[in-house]
Every structure is written in C-alpha cells, then in structure tokens.
Amino acid sequence: MTRAHSTAHSDHDHSGHGHGAHGHSHAPKEFGRAFAIGVTLNLAFVIVEGLAGLASGSIALVADAGHNLSDVLGLLMAWAAYALSKRPASARYTYGLRGSSILAALFNAILLLIACGAIALGAIQRLFEPEPIQSGMMMAVAAVGIVINLGTALLFLRGGEDDLNIRGAFLHMAADAAVSAGVVVAGLIVAETGALWIDPAISIVIVAVIVIGTWGLFRDSLLMSLAGVPSRIDPAKVAARLGSLPGVTAVHHIHIWPTSTTETALTAHLVMPDLAEQDGFLVSTARLVRDEFNIGHATFQIERGRCADADCAEGASGDGRHDHDDDHGHDHGHHRGHHHH
C-alpha cells in the first residue's frame, strides 16, 4: 500500500504546495551551525579524553572516550540527514530526501542503546574486579565533558519538540553530560571513601536513565520508519473531523504517514454527493487539516457517492482492486475531484 501511495503522490509536490507550504514546520535554520560546533568540540574532547585515559591508566576514561566517539558519529549522521532534508524533490524522490531524518533518528537511538549496553557490561565487570583509579584526573576530564556535552545539547534544545532527528541529537548529548556528571560524582566519592564499587554502580544507574529516555526516541522513530501515523496525531480524530465537514456523507481510504521527522502527509476519499464547487473545498479542507493537525501535504479524492453503499464498503475493507484504481484517480483528485466510479 505504501508503494502505491508514493506513486500516487508523484506530482504532489507541484500540485499541493500552493496551500501546503506554510504547514511545514521546518526547524529553525541555524541547526547547521549547531551541528558544526557540536562535532568540532566533541571530536577535540574525544582526543583529549583518550590521551588522558591512557596517561592516568583510567580504563573508565578510555571507555568514555570511545562512547563520546559514538556521539560524534551520531551527530554527523543527524547533521547529514538535516542537510539532506533541505534538498529539493526529484523525479525519483518525490518528497526530496526528508525521510533521511527518520532514519537518522532511528540509527541515533540504536547507537545510544548499543553504547548503553557496552557501558553496562564494563560496569558489571568492574563491580566484580574493582581497580584503583586516579580520581583527580578522572574528575577533571569528566568536568570538561559536562561543559562540552551540555553546551552541545543546549544548541539543539529548541528544535527537539518538533523534530525527532534534532531530539535524537539533543538526547545523545544530554545523555553524555549525565555520564560525565556521574563520573565526577563517582570520582569524588571514591576519593573520599576509597569505595571502588561506587564508580561502576553509578555507571549502571546512569545507563538505566539513558535507556528510559532513549526508548521513546527508538519507538517513535521505528513507528515513523514503518510509515505509521505520527504519535502526536490521532487518526480517529482526523477521520471524524473530515466526516463532520458539510456535504461529506462518508470518509474512507484515509492514510496518514510521515514524510520526515517534522512533516506529515494525508490522503483520503471523501464521498460528497452534492458538491458543486470543488477547488475551493479542496483548498479550504487542506488548510483545515494543516491548521488543526499540522498535516502539510493533503490530497483528497472526491466521490459522488454512488459507491457510498456496497462498493465503498467493499473498497474500504482494503480490497486490492479499489486501491489500484486509487492510483490513477489520486493526482486528479487534488484539483478536480476526479471520480472514477
């Protein structure tokens, strides 16, 4: 079904944009700079932390440097997706490459979960075989880590509400700031008490916190990559709202799916036996779903309603013939309300 729809939408970028362009909640433009600063700072920190770890004999610092390297990769991936999502649509990629932001959010979540597994494993081994550490060096380097990670996270704070890809970058950096803070606290306690188990114990607590935070990102990005309705939209409400429009006697074949981490598309068949003027209705309905549900790409197919009984019921239950039909009627549906029954 999704394949069929990507063809159905092939010329949508030209037909729908007149009224759809305002509905795209594009993230603020300056995230390119945020990514550049974040990558540069974190790469420098990885080098310093790795060298300090080797110098102080602290395996914790070396491990954390490895973990921070995964962040640089996560940031680079989110940055690439952010840049790709700005590219215009082509004949082959009719929505442009905005969907790459969904993949980057998914990969970022997976990377974070893998990093958490690695840290937890190291911490559990440490619990059973405690080793002496140079807590002073460890705390000093980790303190620098807090500043860098927190600073980078704040660069992405504002975009996180609207954009899952930016939220992934923010979570990744905030998680690291938490890890660094944990290392400082652990260093302090170890220096005061000499209790070596504190270091790995705090690491495990931090990992648990990160996993809880990352799970939502993983779930949302997986849902989006499978073309699921974005979690902020209630499909039943959208159907009810369209069904409540004057002149609409039935609604079927509703499909709602994300085209990127910030943009959503919708197609629907509206049965309207008495509609006189179609273009005005199509434009105002597209504006309505944009304003009320933040769906920027909407395509409606108007049907006269001879099918409102048996035929529609058959089609709405997902019979294949109707969906194939669908493809040919879709593009015209946007402007002319072409009906093929």
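Visitor: What makes Asp176 count as buried yet without a salt bridge?

Guide: This is a predicted model, by the way. In it, Asp176 is buried, and the nearest side chain of opposite charge, Arg167, is 15 Å away. A salt bridge needs a side-chain nitrogen of Lys or Arg within 4 Å of a carboxyl oxygen, so Asp176 has none.

Visitor: Where is Asp176 found, and which residues does Asp176 touch?

Guide: Asp176 is found in helix 8, residues 164-193. Leaving aside residues up to four places away in sequence, Asp176 touches His67, Asn68, Asp71 and Asn149.

Visitor: Over to the surface. Why is Leu127 called partly exposed?

Guide: Leu127 has 35% relative accessibility. Buried means under 20% and exposed means over 50%, so Leu127 lands in between and counts as partly exposed.

Visitor: What makes Leu127 eligible for a surface patch?

Guide: Patch residues need over 30% relative accessible area, and Leu127 has 35%, so that requirement is met. Leu127 forms a nonpolar patch with Ile124, Phe128, Trp197 and Ile204, with about 520 Å² of accessible area together. Helix 6, residues 100-128, gives the most to this patch, with three residues, and Leu127 is found in helix 6.

Visitor: How do you know that strand 4 is largely enclosed?

Guide: Seven of the seven residues of strand 4, residues 297-303, are buried, so the rest of the structure largely encloses it. His297, Thr299, Gln301 and Glu303 point one way, while Ala298, Phe300 and Ile302 point the other way, and all are buried.

Visitor: What makes strands 3 and 4 a pair?

Guide: Pairing takes at least two bridges, and seven join strand 3 (residues 264-271) to strand 4, so they qualify. The two run parallel, and Leu270 stands opposite Ile302 in strand 4.

Conventions: Residues are numbered from 1 along each chain as its sequence is written. This is a predicted model: local features need pLDDT of at least 70, side-chain atom pairs count only at pLDDT 80 or more; totals for chains, interfaces and linings use all residues. Side-chain values use heavy atoms; hydrogens and water are left out. Patches are made of residues with over 30% relative accessible area and no salt bridge: like charges are joined within 9 Å, nonpolar side chains (Val, Leu, Ile, Met, Phe, Trp, Tyr) within 5 Å. Accessible areas come from the Shrake-Rupley method with a 1.4 Å probe; for residues, only the protein chains shown count as cover. Helices (H or I, at least four residues) and strands (E, at least two) are DSSP runs, numbered from the N terminus. Buried means under 20% relative accessible area, exposed over 50%, partly exposed in between (1.4 Å probe, protein chains only). Lys and Arg count as positive and Asp and Glu as negative; His and the chain ends are not counted. Contact means heavy atoms within 4.5 Å.
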